[in-house]
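Thanks for taking a look at this one with me. Below are a few points that may help you find your way around.

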Amino acid sequence: MTEAPKIEQINPEDQRSEVLKVHTSAINNAVLFRQEMIANNFPSERLLTAQNNGPTTLPGLNNYQAESLIFNTRYQYHPFVIVMCQTTEEVQQAYKTAINYELPVRVRAGGHDHAGECSGDNVILIDVTGLKHFELDKDTNVATIGAGYRFYQLTPKLAEEERMIAHGTCATVGLTGFIQGGGWGPWTRKHGMCCESLVGATLILGDGTLIELSDKDTEENKQELLWALRGGGGMSYGIITELKLQTFALPKEIHRFEIEWNVTKQKKSKHRYCTPQNDTPTIKLLRQWEKVITSKETPQLLGTNLQINAIPSSSDTPDVTKLHHHSLMYGYWEGTKAELEDFIHDHFKNVTRDQVTIHDAHGAGCDIKYDHGLMSNWARNSLYDVSKRLGKSGTLTQEGTPFTPDYDAPAPHKLTSRFVKKEGLEKKGHEQLLQSLTSSLIRLENEQNGLFSYVTLGAIQGEFYQSEKDLPAIAFPYRDRQYTIQYQTWWNLDIEQKLEQQDNKVYISTNRAMDWIDMGREAEIENTDGAFISFKDPAIPTEIYFNDSYDRLVKVKKKYVKDTFNHLRTRKTII
């Protein structure tokens, strides 16, 4: 019999100490990082740490704490250093110094990564929101745009020149991450995903070198890198500091509009909740909306989505023909108000005037060319809306203090997604989708407590993708799909709820609402597939997000990004 070898026993506390030594080294390297950045003339007031910070306009809050905030407040992190960059050279300096000290890096533009991957604990957070140069070439109508722009800051500059890009639906989203995710929005039916218009970029590669990309480049590495930036996901292929986008002419007149079905009402005064009225079966309006977005006869409908709110159910197999979900269609219309009214009458004959809201005209030929309010509240609920339905005149506080809609502010949430294939859901798919929106995990009191659960269906098909014109090569793999399905649950949208902190009734239901999201992702819905990286769900395997582009994107990362140790990584980067 062979004797077992003697193994030296290690004290578990000693093992823990060894790990802490490594962490101590990282903490020390973060201090050295900041010192070296200052020694190389980076302004110390823009190198924020928990120990080195400055005041804000909010009492009790320093600028490190303020700049730590990201859009999804489910995730709140404490970076070693937040580097507030203002130039490409500063971004390059911060990145190269960080990797020299073997410190992990995150990059933040808009901060809207729904999985919180734009920041992290114990990282160097390179913030590019200060990169805000803008120039429009009047001969080519190509806009050169700094990586720090958010849509509400960028669209007025474009509108002054009577130009526009295919931006998104939330005014505070950053352009850079949006394009790398593909870029769905209210212009998609007419102008495609925003990544279709990317014609150039300035990029910092994994070894810290700078490269300029253009759609005129003939070198394979530059062609492949530009292709990857068109919807291949953020950060994988380098740090973008500047974008070049082909703009389009701002229409003479556009109108944003909403159509609302099955409006929620308080049935009895003792009820602390509202329920949908039964005016239109959800399955009927869903089919009407699908018919509109797939028609080649609706080119003036620039883009649209349909929000369908989840409702409680006591049955696992509800009769879908009798379901009535509170639903809203949002859209952009190119043309006059009268033409829009005719369109609504022709395609939604059961809709009455009080179900329709048409906003004031914007456009190159109007008094107001483009206001960022056009982007707010595209299927983002607010307690403001609920309070009005409960007869509160826009107030919910005990003191009666009025508050305004909070559509674009940071809030905790969870999302997941899939796409509807080109042929559409058809009958069984419609039924399965609506069954997933009718769940015992949803409680009647949720909306009153500030918890909102719904899907938004975002139209992809329209004039842009239905035409015979040649399209640029893009990494975004789902442009032939009919529309997106985005399961969403949000809570604590209102400032009064945020101030309640833990003494807040919403937490009775948030776990079940997040379980509903997971079940929505797993639900069987025929003729659906894939997932949308802009609605990131960490539980979805990365390959699913990139589908037929996945293998090529991995090759681009390995061959051209010069990132030997994969410093440019998060959980959902390509590697």
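The notes that follow take up charged pairs, cysteines, a surface patch and a few loop residues.

1. A word on the source before we start: this is a predicted model. Please keep that in mind as you read the points below.

2. Let's begin with the salt bridges, of which the structure holds 21. A good one to look up is the pair Glu 18 and Lys 21, whose side chains meet with 3.1 Å from N to O. Both sit in helix α1 (residues 12–39), and because they are 3 residues apart there, about one helical turn separates them. Glu 18 is partly exposed, at 46% relative accessible area, while Lys 21 counts as exposed at 52%.

3. Next, turn to Lys 536, which forms a salt bridge with Asp 113; their closest N and O atoms are 2.6 Å apart. This pair links distant parts of the chain, with the two positions 423 residues apart in numbering. Lys 536 is in the loop between β23 (528–529) and α15 (542–546), and Asp 113 is in the loop between β3 (105–108) and β4 (124–127). Are these two charged residues buried or exposed? Lys 536 counts as buried because its relative accessibility is 11%, and Asp 113 is buried too, with a relative accessible area of 19%.

4. Another bridge joins the side chains of Glu 220 and Lys 559, at 3.6 Å from N to O. Glu 220 belongs to helix α7 (residues 220–229) and Lys 559 to helix α16 (residues 550–560), so this contact ties together parts that lie 339 residues apart in sequence. Glu 220 is partly exposed, with 46% relative accessible area.

5. Salt bridges can also be followed beyond a single pair here: Glu 67, Arg 108 and Asp 127 are linked in a network of them.

6. How many disulfides does a search of the whole structure find? The result is 0. As a reminder, a disulfide is a covalent bond between the sulfur atoms of two cysteines. Cys 170 makes a helpful example: the closest cysteine sulfur, in Cys 118, is 13 Å from its own, and therefore too far for a bond. Cys 170 is buried, at 15% relative accessible area, and Cys 274 is buried as well, at 17%.

7. For a view of the surface, find the negative patch formed by Glu 339, Glu 341, Asp 342 and Asp 346. Glu 341 is found in helix α9 (residues 337–347). With a relative accessibility of 34%, Glu 341 counts as partly exposed.

8. Pro 412 is worth a stop as well. You will find Pro 412 in the loop between α10 (383–389) and β19 (413–420), where it is buried with a relative accessible area of 9%. Its C-alpha atom is 7.9 Å from that of Phe 71, although the two residues are 341 residues apart along the chain.

9. Finally, please check two backbone angles. Met 235 is not a glycine, yet has a positive phi of about 75°. This residue is in the loop between α7 and β10 (239–246) and counts as buried, at 9% relative accessibility. Asn 262 also has a positive phi, near 55°, in a residue other than glycine. The place to look for Asn 262 is the loop between β12 (254–261) and β13 (264–265); Asn 262 is buried, with a relative accessible area of 0%.

Terms used
Residues are numbered from 1 along each chain as its sequence is written. This is a predicted model: local features need pLDDT of at least 70, side-chain atom pairs count only at pLDDT 80 or more; totals for chains, interfaces and linings use all residues. Side-chain values use heavy atoms; hydrogens and water are left out. Patches are made of residues with over 30% relative accessible area and no salt bridge: like charges are joined within 9 Å, nonpolar side chains (Val, Leu, Ile, Met, Phe, Trp, Tyr) within 5 Å. Accessible areas come from the Shrake-Rupley method with a 1.4 Å probe; for residues, only the protein chains shown count as cover. A salt bridge is a side-chain nitrogen of Lys or Arg within 4 Å of a carboxyl oxygen of Asp or Glu. Lys and Arg count as positive and Asp and Glu as negative; His and the chain ends are not counted. The place of a charge is taken as NZ of Lys, CZ of Arg, CG of Asp or CD of Glu. Helices (H or I, at least four residues) and strands (E, at least two) are DSSP runs, numbered from the N terminus. Buried means under 20% relative accessible area, exposed over 50%, partly exposed in between (1.4 Å probe, protein chains only). A disulfide is a pair of cysteine sulfur atoms within 2.5 Å.
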